There are 2 protein chains.
Amino acid sequence: MEKSSTLWDRSRQAVVAEIVDTALALFAEQGYEATTMAQVAKRAGVSQRSVFRYFGTKEDLVCGEQEALGEVLVSAVAAQPPEVSTWDALRAGFTTILTASNHTPQRVLEISALIFDNPSLHARYLEKRLRWQRSLVPVIEKRMGIDSGEVPDARAMGVIATVFACVDAASELWVRHGGKADAFELYEQALAAVRG
Amino acid sequence: MEKSSTLWDRSRQAVVAEIVDTALALFAEQGYEATTMAQVAKRAGVSQRSVFRYFGTKEDLVCGEQEALGEVLVSAVAAQPPEVSTWDALRAGFTTILTASNHTPQRVLEISALIFDNPSLHARYLEKRLRWQRSLVPVIEKRMGIDSGEVPDARAMGVIATVFACVDAASELWVRHGGKADAFELYEQALAAVRG
DNA sequence: GCCAGTCTGTCAGTCACTGCCAACCTGTCT
DNA sequence: AGACAGGTTGGCAGTGACTGACAGACTGGC
């Protein structure tokens, strides 16, 4: 949470934001597949090479910020006091993410719909989420009173994967309902069906 | 389970198997990323174009048969008698898949390790699994006594996603243990931690 | 043998992505 | 002001996955 130090850093942030905005606009106009990186670069006013320097892959134009959110999630869960149950700690982590995201719900919905509609994007998204799960393992193991071995514990992995699965189900349904449903409620329903 | 009808069909199957075998061998030798489709085609004795006609993508050389297994899973779950609980029905589906796969455990381990070690393959694999989940939704909804609406039910999705999550955790741990662990046991542990 | 339909190989092309190098911009030291 | 060092950008050529189009080969039915 450090203030954007140098002026140079801020202009860089502006360039990144500009590229993402033009990319999302183009994806909305023509669809993800039909849009080329050359188009994005040209309309954003930078070289194609620079777009790849900033984002690495076309998919990261959409899924890029997931990276940072993962760290937020892990530290939020780790920061929960020990008397909070594992399930509540994980839920708290996800609510933290929701409030930490500085996007309008419309924007979140737009991006989510893009991801859910596009197999290649969806695949990449799932894989990134799996990294979140991996980095959560030690945190949850400690919370469940399990010694962290070199290989993760099946119980910890199961709990983490289940919470993610329910979050995922809730997100997908939220998108399918056009953002009109209560995602939190859907999550509770899904988890209750599992644990009840 | 129909007998491979025409001779032509059988030789076609042989070609497909030959391509997969050479591909896996090359991946084992040089790694997945470092192996080009041109190499696979050349060593398999077919044109590069034909490889793409059979498999569509490089990833499908490894994940291709997942497709068929998904249908086996769905029909196996649907075939469970109604008095079997939802959880048991899903577990039965997965054990059916395990026995239906006509590969040696070594082969399964080799393929699984390839998938888990390779982000691009892993991503594609997860996305395919998600399609299994989608096609299971109506089956599970009926079993849980839920009317199938146009949008899936959160409870059904949660249960399905959870079982898959635990299967996934168990598979990954099984691979991390070099195939020496009991995958079934790991699955039970993970699910017990969730439902207990 | 002949014809229709299917399968295969070849070729050229698109697009994501990368390494390389020259130009450039920015702050610093003298 | 001018030289210098660091990092940044753009252009360019290349690789590799993947696709469409076309021509030849191969198959089964007549």
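A polar contact is a pair of N or O atoms within 3.5 Å; within protein, one atom must be able to donate a hydrogen and the other to accept it. The exercises below concern a predicted model.

**Exercise 1. Determine how domain 1 and domain 2 of chain A are joined, beginning with their polar contacts.**

Solution.
- Step 1. The domain assignment places residues 7-58 of chain A in domain 1 and residues 62-195 in domain 2. Their C-alpha centres are separated by 27 Å.
- Step 2. Domain 1 of chain A contributes 9 residues to the contact, and domain 2 of chain A contributes 9 residues. Between them about 690 Å² is buried, with 58% of that area on carbon and sulfur atoms.
- Step 3. Between these two domains there is 1 residue pair in polar contact, both residues having pLDDT 80 or more. On the side of domain 1 of chain A that touches domain 2 of chain A, the residues comprise 5 nonpolar, 1 polar and 3 charged.
- Step 4. The salt-bridge count between the two domains is 1.

**Exercise 2. Describe the interface of chain A and chain B, and state which helix of chain A gives the most residues to it.**

Solution.
- Step 1. The contact involves 35 residues of chain A and 35 residues of chain B. The buried area is about 2,900 Å², and carbon and sulfur atoms account for 69% of it.
- Step 2. The polar part of this interface includes 4 residue pairs in polar contact, both at pLDDT 80 or more. At least two residues of the chain A side come from each of α8 (119-143), α9 (154-176) and α10 (183-195) of chain A.
- Step 3. The helix sought is α9(A), which supplies 13 residues to the side of chain A that touches chain B. That side consists of 19 nonpolar, 6 polar and 10 charged residues.
- Step 4. The rule finds 2 salt bridges across the interface of chain A and chain B. B:Arg134 forms a salt bridge with A:Glu172, with 3.0 Å between the closest N and O atoms.

**Exercise 3. Establish whether A:Glu172 and A:Arg176 are buried or partly exposed, and examine the corresponding residues in chain B.**

Solution.
- Step 1. A:Arg176 and A:Glu172 form a salt bridge whose closest N and O atoms are 3.4 Å apart. Both residues belong to helix α9 of chain A, where they are 4 residues apart, about one turn of the helix.
- Step 2. The cut-off for buried is under 20% relative accessible area. A:Glu172 has a relative accessibility of 8%, so A:Glu172 counts as buried. A:Arg176, at 42%, is partly exposed.
- Step 3. In chain B, a salt bridge joins B:Glu172 and B:Arg176, with the closest N and O atoms 3.4 Å apart. These residues stand 4 residues apart in helix α9 of chain B, about one helical turn. B:Glu172 is buried at 8%, whereas B:Arg176 is partly exposed at 42%.

**Exercise 4. Explain why the salt bridge of A:Asp168 and A:Arg129 ties together parts that are apart in sequence.**

Solution.
- Step 1. Side chains of opposite charge can pair when their charged atoms come close.
- Step 2. The side chains of A:Asp168 and A:Arg129 form a salt bridge with an N to O distance of 2.8 Å. Because A:Asp168 lies in helix α9 of chain A and A:Arg129 in helix α8 of chain A, the pair ties together parts that are 39 residues apart in sequence.
- Step 3. A:Asp168 is buried, at 9% relative accessibility. A:Arg129 is also buried, with a relative accessible area of 10%.

Terms used. Residues are numbered from 1 along each chain as its sequence is written. Chains are lettered from A and ligands numbered from 1 in the order in which they are written. This is a predicted model: local features need pLDDT of at least 70, side-chain atom pairs count only at pLDDT 80 or more; totals for chains, interfaces and linings use all residues. Side-chain values use heavy atoms; hydrogens and water are left out. Contact means heavy atoms within 4.5 Å. Buried area is the accessible area (1.4 Å probe) that two parts lose on being put together, summed over both. A salt bridge is a side-chain nitrogen of Lys or Arg within 4 Å of a carboxyl oxygen of Asp or Glu. A polar contact is a pair of N or O atoms within 3.5 Å; within protein, one must be able to donate a hydrogen and the other to accept it, and residues adjacent in sequence count only if both atoms are side-chain atoms. Ala, Val, Leu, Ile, Met, Phe, Trp, Tyr, Cys and Pro count as nonpolar, Asp, Glu, Lys and Arg as charged, and the others, Gly among them, as polar. Domain bounds come from an automatic or database domain assignment. Buried means under 20% relative accessible area, exposed over 50%, partly exposed in between (1.4 Å probe, protein chains only).
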